[in-house]
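The following exercises concern cysteine pairing, backbone geometry and the surface. Each task is followed by a solution in steps.

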Amino acid sequence: PRQKHLVEQFTSTYCTYCPLGVSMLQILMNLRDDIAWVGVHGNMSGTDPMRTLQCDSIMSYQGAGSYPSGSFNRSTGFESMDAIVTGLGYYESYHNQVAREISSFYDYLAETPSFATVNINSTFDADTRKATITVDGELAPNFDLLMGSDCKLTVYITEDGVVARQLNQGTWVENFVHNGVLRRAVNSVKGSNLNRDGDTYKNEFTYTIPAAWNADNLNIVAFISRPITNGASGV
């Protein structure tokens, strides 16, 4: 069975309607306990303090062209089979309906097994601020036939409780709380190859957590996916 479902939310502090997307996704989180929420920030009319070059790469990589928008397990299910990113700027009166629709889509995806387990273990040295992240698991028999030998493992570090101002329908909210903020893809936004040993794998990463990040509020999100090959650069 699938352990989690991935939401990659594309947003900006300068996007006046992005809080609508946040509100709708929060309803989705309340409906399910298996959501991994990653907030990918970008610039708009000004510089978003949570935007990074990696955020730019992820948006280019997935074809995100507007805010608020998002991808769900790197698919949408609502448009063509090739669509990845869909808009999230729905009026509040539709939020419950859209959240239920996305939840139903995840139920539909869950009918297909994941073909791999993903276990995450980490340690953190508060003195050096060095984090060591180990991701390992088992692969289903004939994994290469089912998923392809070129599948990638991506590992994100996100932070909850980041306070920054946010434009909300024409008004600045000075102390808006941003959760799931993407801080870093510790390997690459395009992922890395599985370090395999037969039907198991184990990948280890180290990263020094910047002092500005609250280590108590950090999360690790790891997932295996098909590579996206649209020619976009990744860092």
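**Exercise 1.** What is the torsion about the S-S bond of Cys15 and Cys18, and is the disulfide right-handed or left-handed?

*Solution.* The model is a predicted one, in which local features need pLDDT of at least 70, side-chain atom pairs count only at pLDDT 80 or more, and totals for chains, interfaces and linings use all residues. Residues are numbered from 1 along each chain as its sequence is written, and side-chain values use heavy atoms, with hydrogens and water left out.

Step 1. Identify the bond: Cys15 and Cys18 are joined by a disulfide with an S to S distance of 2.4 Å (a disulfide being a pair of cysteine sulfur atoms within 2.5 Å). The structure holds one disulfide.

Step 2. Determine the hand: the torsion about the S-S bond of Cys15 and Cys18 is about 95°, and the disulfide is therefore right-handed.

**Exercise 2.** Determine the burial of the cysteines Cys15, Cys18, Cys55 and Cys151.

*Solution.* Step 1. Apply the cut-offs: buried means under 20% relative accessible area, exposed over 50%, and partly exposed in between (1.4 Å probe, protein chains only).

Step 2. Consider the bonded pair: Cys15 and Cys18 are both buried. Cys55, by contrast, takes part in no disulfide, and its nearest cysteine sulfur, that of Cys18, lies 13 Å away.

Step 3. Consider the other two cysteines: Cys55 has a relative accessible area of 0% and is therefore buried. Cys151 has 3% relative accessibility, so Cys151 also counts as buried.

**Exercise 3.** Locate the cis peptide bond at Pro68 and the positive phi angles of Asn73 and Phe115.

*Solution.* Step 1. Recall the background: most residues other than glycine have a negative phi, and most peptide bonds are trans.

Step 2. Place the cis bond: it runs from Tyr67 to Pro68, with omega near -15°. Pro68 belongs to the loop between helix H2 (53–62) and strand E3 (69–72); helices (H or I, at least four residues) and strands (E, at least two) are DSSP runs, numbered from the N terminus.

Step 3. Place the phi angles: Asn73, with phi of about 50°, is in the loop between E3 and strand E4 (86–87). Phe115, with phi of about 70°, is in the loop between helix H3 (95–110) and strand E5 (119–125).

**Exercise 4.** Is Tyr91 buried or exposed?

*Solution.* Step 1. Locate the residue: Tyr91 lies in the loop between E4 and H3.

Step 2. Compare with the cut-offs: Tyr91 has a relative accessible area of 64% and is therefore exposed.
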